[in-house]
Amino acid sequence: MKFSGNAITVQSTDDGIAELCFDLQDESVNKFNALTLDELKEATTAIAADTSIKGVIVTSGKPVFIVGADITEFGALFGGSEESVREKILGINFEIFNAFEDLPVPTVAAINGIALGGGLEMALVCDYRVMSETAKIGLPETKLGIIPGYGGTTRLPRLIGADNAIEWIASGKEQKAEQAHKCGAVDAVVAPELLRDAAVSLLKQCIDGKLDFQAKRREKLEPLKLGKIEATMVFETSKAFVAGQAGPHYPAPVTAIKVMEKAAGMSRDDALKEEASGIAKMAGTLTAKNLVGLFLGDQVLGKTAKDLAKKARKVERAAVLGAGIMGGGIAYQSARKGTPIIMKDIAQAGIDLGLTEASKLLSKQVERGRMSAAEMAGVLARIQPSLGYDGFDNVDVVVEAIVENPKVKHAVLAETEAQIRDDAILASNTSTISITHLAEPLKRPENFCGMHFFNPVHRMPLVEIIRGEKTGEEAVARTVAYALAMGKKPVVVNDCPGFLVNRILMPYFGAFMGLVKRGVDFVSIDRSMERFGWPMGPAYLADVVGIDTGVHAGAVMAAGFPERMKYDFKTCHDVMFENERFGQKNGRGYYAYEPDKKGRPKKIVDESVAALLAPVVDGSETMSKEEIVDSMMIPMCLEAVRCLEDGIAASATDVDLSLIYGIGFPPFRGGALHYIDDYGMAEFVAKADELAEAAGPLRALYQPTEKLREMAASGGAFFG
Ligand SMILES: NC(=O)c1ccc[n+]([C@@H]2O[C@H](COP(=O)([O-])OP(=O)(O)OC[C@H]3O[C@@H](n4cnc5c(N)ncnc54)[C@H](O)[C@@H]3O)[C@@H](O)[C@H]2O)c1
């Protein structure tokens, strides 16, 4: 027989072996989109009708097997009521995947590359699976806020046991071939070049009756083999553990376990109904909507950056000025990802500190088995410490990361410009100072831009690439290329004090200062914001960033946006600063810090702080958790709106992803602009107006823009 579609082809040989090959035309990968599902249905019907076929191997015509469902089609798949989603998913399962699983002939999947989500679920409907040593498989759906929906929670536990399946599904992690084989997810692992032959040979053994494929298949059709006590143990323990790990805002991992628990005693078909109910319920959550949106936004962001980077010359060698917290981190990250870097400081002590930090980070990786000692030595060798400008005439990019002082930066940038090639790019890691202003003393301002990393550099994905008034396109493109080479997520923004992320963060701190002034306890503010989903509350965050840094940045922002960010009262930050409570760096800020067992600073409530703050507190308000959240989030979200309106960011997606990647905005909330949409734009504007009344001197922070009011009045939204 022969079936030839745009996603699937089937060809059979004279000895009755059919090969069903996934090869989605005009795409670099295979994925389960509507077309592929339709063709799988057609192909399965054709195979079932052809009595000359004795067995089927399932292959891929691409370097991957199947990467999963087509996430761009989730909107269509998950649109409508919970019941209609359930029906849709059940239809796909019964009419397509079960139909394939129930073919009268044996089936073997040849997994040549990545098989994730629906890709692995396709392999699971086959009777046997052979996997290439280099392939990876997994069910990552819970990372998107949903659960596997094409039979993953049904078939995987029946194949590898409930405990393993829970681990795979709740973590969403990719599994290597060795692990997959060990727990029975695949039947054989072979070298890539032997894969097809191995799959055919396995299939022939089934056809010849040497392997009982029907018995193998039956395991997936019957209830899970698990005693009652055993089941209670495995499901109850894991539910508690996973709920603790995922937290209340991420319900999918626990839902997946509950589905597997309920379905454990059921036949395949009943278990699939349970699974369909579970995915339909999860698909309707805001968490799923926002995590899926985040995934899609990230793809757009990545593509935009890659397209820009293609236009630039590759960065072969770099240099960083300053070996402090940021410079040291930049040198480490550059070297770790393969770009050699000169790390220059004016003080030997600075250099020693930078190198010690890099060594510490690398040693940890060696301890964890992620890197060999030789690789570590290689990374360190790519960092060339220096007290002078030797070698600067041979670098493609220099990142300046010295003290946050415009005068010092002006002098050092001009001095550096004289030491580098005419075509080298100079970038500043300033966190607040306008790039246009910093460019003033430069002879080649077109070769200058901002390259703003977030602390700690090795962990925070975002890098803002800032275009000053005179910045040229090559400067932007090459800096984007360098950020990508460092494994970061670059977002190009226009210039203003604080750029995108710090500009949006400042009103959040302003709101915090306003609440403390009105008598709201900062510990309860922190608690409310952490419950909302932030990794740390604002007082704790201020301590981690450094109160001195915060006060300094606040002054720059106040000069830039006096109408909203200049406060005519003494703030709680000012009090901390005056009392030299700089935060974690000197062991005391809003909280006190003591080293924990591992030597990391542990936060403790310091009773003396309330008395220190008393003189700047002129109210005694108590607020509900919801009021605290509204009072804190609205100024931040409104500044995000202004940044979009002012053209600081190119799109709403850029704004939201920058907040998630730069300052840990809760991903399940999708970012500040998604938050406004989810809140209801009209409700958001009304709430802002209500809070403005009560905000006294901080009223301006709560004032919606005219454009936002218009959007709200006409039922608009930032995302479709
Ligand atoms: N710390 C953060 O969280 C953070 C985050 C983003 C951006 N930034 C920005 O990064 C820059 C550096 O901040 P940091 O926290 O790493 O400061 P830091 O004080 O830890 O380090 C600054 C280093 O620069 C060195 N230095 C001073 N003058 C120099 C010169 N002329 N040539 C070479 N080295 C010189 C100092 O000796 C010191 O080692 C600042 O502009 C800051 O605003 C900081």
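Is C21 buried or exposed in this predicted model? With a relative accessible area of 13%, C21 is buried, because the cut-off for that class is under 20%.

**Figure 1. The surroundings of two cysteines, C21 and C449, in a predicted model without disulfides.** A search of the whole structure finds zero disulfides, and the two cysteines shown here illustrate that result. The cysteine sulfur closest to that of C21 belongs to C126, and at 13 Å it is too far away for a bond, because a disulfide needs a pair of cysteine sulfur atoms within 2.5 Å. C449 is likewise in no disulfide, since the nearest cysteine sulfur, that of C496, is 15 Å away. C449 is buried, and its relative accessible area is 0%.

**Figure 2. The whole protein chain, shown as a setting for the close-up views that follow.** The chain folds into a secondary structure of 31 helices and 20 strands. Its radius of gyration is 29 Å, close to the 27 Å that the globule rule gives for 720 residues, so the chain is as compact as a globular protein of that length. Along its principal axes, the C-alpha trace spans about 85 × 60 × 55 Å. Buried residues make up 55% of the 720 residues, while the surface that the chain exposes comes to about 29,900 Å², with carbon and sulfur atoms supplying 54% of it. Among contacts between residues at least 6 apart in sequence, 72% join residues that are at least 24 apart. The chain carries 80 positive and 96 negative side chains, and the centres of these two sets lie 3 Å apart.

**Figure 3. The cis peptide bond between N455 and P456.** Most peptide bonds are trans, which makes a cis bond a feature to look for in a close-up view. Here the bond that joins N455 and P456 is cis, with an omega of about -5°. P456 belongs to the loop that runs between strand β16 (448-453) and strand β17 (462-467).

**Figure 4. Two residues with a positive phi, D26 and F499.** Most residues other than glycine have a negative phi. D26, which is not a glycine, nevertheless has a positive phi near 65°, and it is found in the loop between β3 (17-22) and α1 (34-49). F499 also has a positive phi, of about 55°, although it is not a glycine, and its place is in the loop between β18 (489-494) and α20 (501-517). In their surroundings the two residues can be read side by side: D26 is exposed, with a relative accessible area of 81%, whereas F499 is buried, with a relative accessible area of 0%.

**Figure 5. The contacts of T339 in a loop.** T339 lies in the loop between helix α14 (325-336) and strand β12 (341-344), and at 6% relative accessibility it counts as buried. When its neighbours within four places in sequence are left aside, T339 is in contact with V315, E316, R317, A318, S334, Y482 and A485.

**Figure 6. A215 in helix α9, viewed together with D127.** A215 lies in helix α9, which covers residues 213-221, and at 28% relative accessibility it counts as partly exposed. Although A215 and D127 are 88 residues apart in sequence, they are 9.4 Å apart in space, from C-alpha to C-alpha.

Key. Residues numbered from 1 in each chain as written. Predicted model: local features only at pLDDT ≥ 70, side-chain atom pairs only at ≥ 80, totals over all residues. Heavy atoms only, no water. Helix = DSSP H or I, 4+ residues; strand = E, 2+ residues; numbered from the N terminus. Rg over C-alpha atoms; globule rule 2.2 N^0.38 Å. Buried < 20%, exposed > 50% of the residue type's maximum accessible area, 1.4 Å probe, protein only. Contact = heavy atoms within 4.5 Å. Areas by Shrake-Rupley, 256 points an atom, 1.4 Å probe, with all protein chains shown as cover. Lys, Arg positive; Asp, Glu negative; His and termini not counted. Charge placed at Lys NZ, Arg CZ, Asp CG, Glu CD.
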